[in-house]
Amino acid sequence: MSEEFSALDRAHMLRALELAARGLYTTDPNPRVGCVVANAERVLGEGWHQRAGEPHAEVLALRAAGPQARGATVYVTLEPCSHVGRTPPCADALMAAGVARVVCSSRDPNPKVAGSGIERLRSAGIAVSVGVLADEARGMNVGFFSRFERGRPFVRLKLAMSLDGRTAPVSGAQLWISGEASRADVQIWRARSSAVLTGSGTVRADDPRLNVRLQYGAWVRQPLRVVLDTMLRCAPGAKIFSGDGALVFAAADAPLKSHNDLRVERMPRAEGGLDLRAVMQRLTALEVNELLLECGATLAGAFIAAQLVDELILYVAPKLLGADAAPLMHISGLRLADSQPAWELRDVTRIGDDVRLILGIKTT
């Protein structure tokens, strides 16, 4: 039986979600969490988690509220933690502050918590309500929930295409399909991702950096840059390998090469390349919550065929490239009777001269 929540509960939780969104680009691999301490309509303190290893949202909100927190209600977008990690348990801080009630959007999927924070608070005599704006809170941390509930990151595939569904001219020449505004928008998706993944073909053809050049604060967190290079054909001097934060997955039978300080890990093979599920398993172990794919037609098709893509981000440019140009993706032998999931349109937004489409897996 679902709990009943008042309009005031929803209003304070909406504010907590707004606070959580401030950590959209910085908290990884931790979840984005916001917290409000209130006495009826009056807000006594606010906080949001900013970075792994730094105080959690509840601690910052309690600090802001001070002694007024005693007897107050705390609204937090995720279950307070009950274990010692990089910081002490938030459940203990709430008990020490003497709060009367805690309202959280959802239980923490991390097995180290998984309801134990809620039970700890209830055992201390604190009333706990769970479930207000749960869908919104899950959406804020879709990758965090995916990593613990499904054992893999939440995967977005970003593609730019012409009006006729093509991605590169037949000549092979480098050409920006999407406009400058769309490329700036991609920076936002990179910034919120734990990792950005591409294939060796894209690295050799385009030599991209795939880093974040967006200024959203004094501290910029760069996502892990992952290259699937089955036979280690990419040049060690490629731009994507400059600086720290690059990882190459190669086949176990790839030749031994001197790649200086480049981080190379061996993966099992599958038909046509590396075992993508093994890649996902390894990225999960590396605490990758949200994975952004920026790759060519072959690798994009392989991820789609393996049903490892959760969301499509398509930038459609007002251009025509012709039937001989590279297609959006290569998927061989796809038939209507196949068990590929259906997609549904979630968002349509004009970005400069382009249109951005966001599609997700249809659930009903």
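This is a short dialogue on how to read some features of the structure above.

Colleague: What should I keep in mind about this model and its numbering?

Modeller: The model is predicted, so local features need pLDDT of at least 70 and side-chain atom pairs count only at pLDDT 80 or more, while totals for chains, interfaces and linings use all residues. Residues are numbered from 1 along each chain as its sequence is written, and side-chain values use heavy atoms, with hydrogens and water left out.

Colleague: How many helices and strands does the protein have?

Modeller: Helices (H or I, at least four residues) and strands (E, at least two) are DSSP runs, numbered from the N terminus. Here there are ten helices and 18 strands.

Colleague: What does the radius of gyration tell me?

Modeller: That radius is taken over C-alpha atoms, and the globule rule is 2.2 Å times the number of residues to the power 0.38. For 364 residues, a compact globule would come out near 21 Å; this protein has 23 Å, which agrees. Along the principal axes, its C-alpha trace spans about 70 × 45 × 45 Å.

Colleague: Which share of the residues is buried?

Modeller: Buried means under 20% relative accessible area, exposed over 50%, and partly exposed in between (1.4 Å probe, protein chains only). In this protein, buried residues make up 50% of the 364.

Colleague: And how do I read contacts along the chain?

Modeller: Contact means heavy atoms within 4.5 Å. Among contacts between residues at least 6 apart in sequence, 69% join residues at least 24 apart.

Colleague: Let's try a helix. Which residues of H2 are buried?

Modeller: Helix H2 covers residues 57-65, and its buried residues are Ala57, Glu58, Val59, Ala61, Leu62 and Ala65. Their cover includes strands E1 (34-39), E2 (42-48) and E3 (73-76), together with helix H3 (90-97). Just after H2, Gly66 takes a positive phi of about 65°.

Colleague: Why does Ala65 count as buried?

Modeller: Ala65 counts as buried because its relative accessibility is 4%. Setting aside neighbours within four places in sequence, Ala65 is in contact with Val37, Leu44 and Gly45. As for distance, Ala65 and Gln187 are 122 residues apart in sequence and 36 Å apart in space, C-alpha to C-alpha.

Colleague: Now a strand. Why is E10 described as largely enclosed?

Modeller: Strand E10 runs over residues 246-251, and six of its six residues are buried, so the rest of the structure largely encloses it. Both faces are covered: one side has Ala246, Val248 and Ala250, the other Leu247, Phe249 and Ala251, all buried.

Colleague: Which strands pair with E10?

Modeller: Two strands pair if DSSP finds at least two bridges between them. Strand E9 (residues 224-228) pairs with E10 in the parallel sense over four bridges, and Val226 has Leu247 of E10 as its bridge partner. E10 also pairs in the parallel sense with strand E11 (residues 263-267), over five bridges; there, Phe249 stands opposite Glu265.

Colleague: One last residue: is Gly199 buried or exposed?

Modeller: Gly199 is buried, with a relative accessible area of 10%. Gly199 lies in strand E8 (residues 195-199). Beyond its neighbours within four places in sequence, Gly199 is in contact with Val227, Leu228, Cys295 and Leu299. The C-alpha atoms of Gly199 and Pro318 are separated by 27 Å, with the two residues 119 apart along the chain.
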